Amino acid sequence: MALFDRLKDQAKNLQQQAQGGRGTTTGGHGQGGSRGGSRSQLVGVLKTQLGSLKTELKSGAYRDASMAMCALVAAADGQVDAAETQQMESLILGNEVLQNFPPEQLRQRFHKHVDQLTRNFPQGKAEALQEIAKAAKKPTEARAVIQTGIVIAGADGHFSQAEQAVLREACGALGLAPAEFQL
């Protein structure tokens, strides 16, 4: 049950940060521990945490970084087909927190990154990671970008190694420890 204890601590810390409290960061929980926990349960907990922060996540930096993150997750295996793009767009538009933003803004930013990743994956990936890094200024938003990526990646019930790898790279761009997110 260590995984759920860590997630509860993380949720409490994120809520304290959102309320202006001095909640500690989740550093120190880096023991590799129970990676074998249910990913669908992790996704559910992260979805709930994000929902509780909905009123805090309204900045353009969060929106743009989240769309770059979603595009990276969609293209994690190096390619993106039309059906995958459509499915990802549905997930984005159905995401409770992302409903803070006009759907057309989300589509435009998501497709911009998907197009860049499709044309030249290494360059598109570098540009997406630069966009993601802009959210590092606000720790709550930075963590929310990773959580959004995990929720989107896990929505289909399959969390691939390639998706985990791009999420770890995004953690690096944001100055966050991947272990904090069970990556």
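This is a short talk on the pockets, the salt bridges and a few single residues of one protein chain.

Before I begin, please keep in mind that what we have above is a predicted model, and that every value I quote has been computed from it.

Let me start with the pockets. Rolling a probe the size of a water molecule over the atoms shows where empty space is left. The largest pocket found here holds about 210 Å³ of space, and 14 residues line it, with V73, A74, E84, D156 and E163 lying nearest its centre. Three helices give two or more residues each to that lining, namely α3, which runs over 60-74, α4, over 82-94, and α7, over 139-154. Of the elements that contribute, α4 gives the most, with four residues. If you are wondering about the chemistry of the wall, the lining of this largest pocket divides into seven nonpolar residues, three polar ones and four charged ones.

The second largest pocket has a volume of about 150 Å³, and its lining is made up of 11 residues, of which K47, G94, N95, E96 and V151 are the ones nearest the centre. Here at least two residues come from each of α2, residues 39-52, α4 and α7, and it is α2 that supplies the largest share, three residues. By character, the lining of the second largest pocket splits into six nonpolar, three polar and two charged residues.

Since α3 has just come up as a contributor to the largest pocket, let me stay with that helix for a moment. What span should its 15 residues have, at 1.5 Å a residue? The expected figure is 21 Å, and because the end C-alpha atoms of α3 are 21 Å apart, the helix agrees with that expectation. The helix is also mostly covered, in that 13 of its 15 residues are buried.

That brings me to the charged pairs. Side chains of opposite charge can pair when their charged atoms come close. How many salt bridges does the count come to? The count comes to eight, and I will go through three of them.

In one of these, the side chains of R63 and D64 meet, with a nitrogen to oxygen distance of 2.7 Å. R63 has a relative accessibility of 12% and therefore counts as buried, and D64, at 17%, counts as buried too. This pair does not stand by itself, for R63, D64 and R109 are linked in a network of salt bridges.

Another salt bridge joins E104 and R107, whose closest N and O atoms are 3.4 Å apart. Both residues belong to helix α5, residues 103-119, where they sit three residues apart, about one turn of the helix. Are the two partners buried or exposed? E104, at 51% relative accessibility, counts as exposed, while R107, at 27%, counts as partly exposed.

The last pair I want to show is R143 with E180, whose side chains meet in a salt bridge at 2.5 Å, N to O. This one links distant parts of the chain, since R143 lies in helix α7 and E180 in the segment after α8, which covers 161-174, and the two are 37 residues apart. R143 is buried, with a relative accessible area of 7%, and E180 likewise counts as buried, at 12%.

I will finish with two single residues. L57 is placed in the loop between α2 and α3, and at 0% relative accessibility it counts as buried. Which residues does L57 contact, once its neighbours within four places in sequence are left aside? They are L50, Y62, V97, N100, F101, T140, E141 and A144. For A144, the separation along the chain is 87 residues, whereas the C-alpha atoms of L57 and A144 are separated by 8.1 Å.

The other residue is Q182, which lies in the segment after α8. As background, most residues other than glycine have a negative phi, and most peptide bonds are trans. Q182 is not a glycine, and yet its phi is positive, at about 60°. Q182 is also buried, with a relative accessible area of 6%.

Thank you, and I am happy to go back to any of these residues in the structure.

How values were computed:
Residues numbered from 1 in each chain as written. Predicted model: local features only at pLDDT ≥ 70, side-chain atom pairs only at ≥ 80, totals over all residues. Heavy atoms only, no water. 1 Å grid on protein atoms, 1.4 Å probe; cavity = no way out; pocket = protein on both sides within 12 Å on 5 of 7 lines; lining within 4 Å. Points joined across faces, edges and corners; volume = space filled by probe spheres on them. Nonpolar A, V, L, I, M, F, W, Y, C, P; charged D, E, K, R; others polar. Salt bridge = Lys/Arg side-chain N within 4 Å of Asp/Glu carboxyl O. Buried < 20%, exposed > 50% of the residue type's maximum accessible area, 1.4 Å probe, protein only. Contact = heavy atoms within 4.5 Å. Expected span 1.5 Å × (residues − 1).
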